[in-house]
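Please read the following briefing alongside the sequence and the model. It moves from the cysteines to the overall fold, the core and a few individual residues.

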Amino acid sequence: GLHRITGGNPFFVTELLAGAPAGGKLPASIKDAVLARLSRLEPSERELLETLSVAPGAIERWLLKAIAGTEGECVAEACAMHGFLTQDENGAVKFRHELGRQAILARVPRATQKALHARFEAAISSRMSLQAMTALSNLVFHAAGAEDAARVLEYAPLAAKEAASLGAHREAAAHLATALRFADAAPPALAAQLNEDWAYEA
């Protein structure tokens with residue numbers, strides 16, 4: 001897990017271990033290092049990185065274009081040259097280091113994060129089949145980030161059912177736990193079913 005979020009970067013590994021007792025927060029030195037580099041970028045590059053920071057994992061080429069427009073690919077290439085992103089042969093991008101993504105995300109205002117999650121959710125739902133497990137997981141994540149109770153209550157049970165059918169019961173329980181955060185907006189029968197399903201998967 002440590003290697004996954006640091007990408008094996010020795011500075012990130014050392015600083016994260018040194019700051020481990022601080023309640024799970026990123027050590028200031030990591031944030032400072034990332035944000036100092038960020039401040040030297042062009043405004044369009046900073047804006048793209050802040051936009052993409054709400055999405056952990058790879059962002060496919062079509063989704064990058066839907067979120068950032070046709071110029072998004074060129075800006076993403078520049079961000080890759082600066083060492084913030086990596087890009088595969090299909091044009092999908094992701095942050096080189098998860099800690100870098102978290103540091104950038106921490107500077108994005110909460111209201112802006114909600115709006116960005118809503119943009120990602122709308123783009124994914126307009127393109128992806130709800131039968132795709134990856135799409136469902138991403139939809140749950142972004143709907144929850146946008147605090148869209150109706151969408152979470154629609155997607156999370158489907159994602160949980162799909163995960164459970166593949167034997168991924170921890171993931172199923174996690175999706176249902178996300179839905180339960182919005183249970184106050186659900187009809188009583190649905191809220192009861194979510195609790196029962198979560199208990200079973202947990």
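Is Cys74 buried or exposed? In this predicted model, Cys74 is exposed, with a relative accessible area of 55%, whereas Cys79, at 0% relative accessibility, counts as buried. The points below take up the cysteines again and then turn to the rest of the chain.

**Cysteines**

- The structure holds zero disulfides, and for Cys74 the reason is one of distance, because its sulfur lies 11 Å from the closest cysteine sulfur, that of Cys79, which is too far for a bond.
- Seen from the other side, the sulfur of Cys79 has its closest cysteine sulfur in Cys74, again at 11 Å and too far for a bond, where a disulfide would need the two sulfur atoms within 2.5 Å.

**Overall fold**

- The chain is built from 12 helices and two strands, and read from the N terminus its elements follow the order α-α-α-α-α-α-β-β-α-α-α-α-α-α.
- With a radius of gyration of 18 Å, close to the 17 Å that the globule rule gives for 202 residues, the chain is as compact as a globular protein of that length.
- The C-alpha trace spans about 55 × 45 × 30 Å along its principal axes, and buried residues make up 43% of the 202 residues in the chain.
- Of the contacts in the chain with a separation of 6 or more, 60% are accounted for by residues 24 or more positions apart.

**Nonpolar core and aromatic residues**

- The largest nonpolar core has 58 residues, and those with the most contacts inside it are Leu49 and Leu52; helix α10, covering residues 149-165, gives the most to this core, with eight residues.
- In soluble globular proteins, nonpolar side chains tend to be buried together.
- When residues up to four places away in sequence are not counted, Leu49 touches Leu38, Leu41, Cys79, Phe84, Leu85, Phe95 and Ile104, a list that includes the buried Cys79 discussed above.
- Phe84, which is among the residues touched by Leu49, also has the charged end of Arg37 sitting over its ring, 4.3 Å from the ring centre.
- A search of the whole structure finds zero aromatic pairs.

**Leu176 and its surroundings**

- Leu176 lies in helix α11, which covers residues 169-180, and this leucine is buried, with a relative accessible area of 4%.
- Its contacts, leaving aside neighbours within four places in sequence, are with Ala160, Leu194, Asp197, Trp198 and Glu201.
- For Leu194, one of these partners, the C-alpha atom is separated by 6.4 Å from that of Leu176, although the two residues are 18 residues apart along the chain.

**Two glutamates**

- Glu121, located in helix α8 (residues 110-127), counts as buried at 7% relative accessibility, and, with residues up to four places away in sequence not counted, this glutamate touches Leu139, His142, Ala143, Arg151 and Tyr155.
- Glu147, by contrast, is found in the loop between α9 (133-145) and α10, where this residue counts as partly exposed at 43% relative accessibility.
- The backbone of Glu147 also deserves a look, since its phi is positive, at about 55°, although Glu147 is not a glycine.

Note on methods: Residues are numbered from 1 along each chain as its sequence is written. This is a predicted model: local features need pLDDT of at least 70, side-chain atom pairs count only at pLDDT 80 or more; totals for chains, interfaces and linings use all residues. Side-chain values use heavy atoms; hydrogens and water are left out. A nonpolar core is a set of buried Ala, Val, Leu, Ile, Met, Phe, Trp, Tyr and Cys residues joined through side-chain atoms within 4.5 Å. Buried means under 20% relative accessible area, exposed over 50%, partly exposed in between (1.4 Å probe, protein chains only). Helices (H or I, at least four residues) and strands (E, at least two) are DSSP runs, numbered from the N terminus. Contact means heavy atoms within 4.5 Å. Rings of Phe, Tyr and Trp (its six-membered ring) pair if their centres lie within 6.5 Å; planes under 30 degrees apart count as stacked, over 60 as edge-to-face and the rest as tilted. A charge sits over a ring if NZ of Lys or CZ of Arg is within 6 Å of the ring centre and within 35 degrees of the ring normal. The radius of gyration is taken over C-alpha atoms; the globule rule is 2.2 Å times the number of residues to the power 0.38.
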